[in-house]
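Colleague: Please pick one part of this model and take me through it closely. I am new to this, so keep the sentences short and explain each term as it comes up.

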Amino acid sequence: MGDIDDAGVFDDIPQSGGADIESNDRRTLNAQWANNELWTCFNIQHASGTNADQVSAYYVNINASDSTSASVSIDQQGAVDGEDISSGMETWNPAICIDNSGNGAMVFSACNASNFASSYVVAIDESSGSI
């Protein structure tokens with residue numbers, strides 16, 4: 001999976017017009033088994049880049065289709081980049097759902113100092129590895 005998180009204490013997330021929101025922690029929040037693959041999602045806090053110190057919803061697709069061995073592989077993984085929604089936007093508390101064809105969706109919450117907390121959804125396309 002690589003170094004995807006700064007391993008520090010999660011910062012609270014600012015929201016428009018009110019108190020900051022607790023972003024919780026990095027425990028797995030949701031998992032689904034489909035077609036010999038485990039899909040899971042959780043929160044991370046970026047260590048560097050445009051999202052440094054921001055919380056993001058993150059997903060991982062683990063392939064366990066090789067039943068002849070105990071090996072598994074990561075087919076895809078990624079963060080929902082809040083910067084694609086609005087500058088300084090943070091995403092958190094994801095849930096994922098995948099159909100038998102490998103298509104799916106991830107819902108999550110998002111907000112920043114200029115936007116109230118809202119719910120969003122992104123499509124996940126297993127064949128292209130994109131969200």
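Modeller: Start with pLDDT, the predictor's confidence in each residue, on a scale from 0 to 100. The protein chain has a mean pLDDT of 86. In it, 90% of the residues reach 70 or more. This is a predicted model, where local features need pLDDT of at least 70 and side-chain atom pairs count only at pLDDT 80 or more, while totals for chains, interfaces and linings use all residues. Residues are numbered from 1 along each chain as its sequence is written, and side-chain values use heavy atoms, with hydrogens and water left out.

Now the setting. The protein chain holds 0 helices and 7 strands. Both are DSSP runs numbered from the N terminus: helices are H or I and at least four residues, strands are E and at least two. Read from the N terminus, the elements go β-β-β-β-β-β-β. Confidence varies among them: strand 4 has the lowest mean pLDDT, 89, and strand 5 (residues 90-98) has the highest, 94.

My choice for the close look is strand 3, residues 55-63. Is it enclosed, and why? Of its 9 residues, 8 are buried, so strand 3 is largely enclosed by the rest of the structure. Buried means under 20% relative accessible area, exposed means over 50%, and partly exposed lies in between (1.4 Å probe, protein chains only). For the protein chain, buried residues make up 35% of the 131 residues.

Which strands pair with strand 3? Two strands pair if DSSP finds at least two bridges between them. Strand 2 (residues 37-45) pairs with strand 3 in the antiparallel sense, over 9 bridges. Here E37 stands opposite N63 of strand 3. Strand 4 (residues 73-79) also pairs with strand 3 in the antiparallel sense, over 6 bridges. There N61 stands opposite Q76 of strand 4.

Step back to the sheet. Four strands form an open sheet, in the order 1-2-3-4, with antiparallel pairing. Strand 1 (30-34) and strand 4 are the edge strands, and each pairs on one side only. Neighbouring strands of this sheet are turned against each other by 20 degrees on average, direction ignored. The axes are lines fitted to C-alpha atoms, for helices over the stretch in contact, and angles run from 0 to 180 degrees between N-to-C directions.

Go to one residue of strand 3, I62. At 22% relative accessibility, I62 counts as partly exposed. A contact means heavy atoms within 4.5 Å. Leaving out residues up to four places away in sequence, I62 touches N36, E37, L38, V72, S73 and I74. I62 and W39 are 23 residues apart along the chain, yet their C-alpha atoms are separated by 6.3 Å. Contacts across the sequence also show in the totals. Of the contacts in the protein chain with a separation of 6 or more, 47% join residues 24 or more positions apart.

Next, the inside. A nonpolar core is a set of buried Ala, Val, Leu, Ile, Met, Phe, Trp, Tyr and Cys residues joined through side-chain atoms within 4.5 Å. The largest one has 13 residues, and W39, Y59, I96, M106 and I124 have the most contacts inside it. Strand 3 supplies at least two residues of this core, as do strand 2, strand 5 and strand 6 (103-112). Strand 6 gives the largest share, 3 residues. I96 touches Y59 and W39. Its other contacts include N30, Q32, C41, A105, M106 and I124, again not counting residues up to four places away in sequence. A second, separate core has 6 residues, among them F10, I13, I21 and C111.

Look also at D53, in the loop between strand 2 and strand 3. Its phi is near 65 degrees, a positive value in a residue other than glycine. D53 counts as partly exposed, at 44% relative accessibility. N93, in strand 5, has a positive phi too, about 55 degrees, although it is not a glycine. N93 is partly exposed at 31% relative accessibility.

Last, the overall dimensions. Along its principal axes, the C-alpha trace of the protein chain spans about 55 × 25 × 20 Å.
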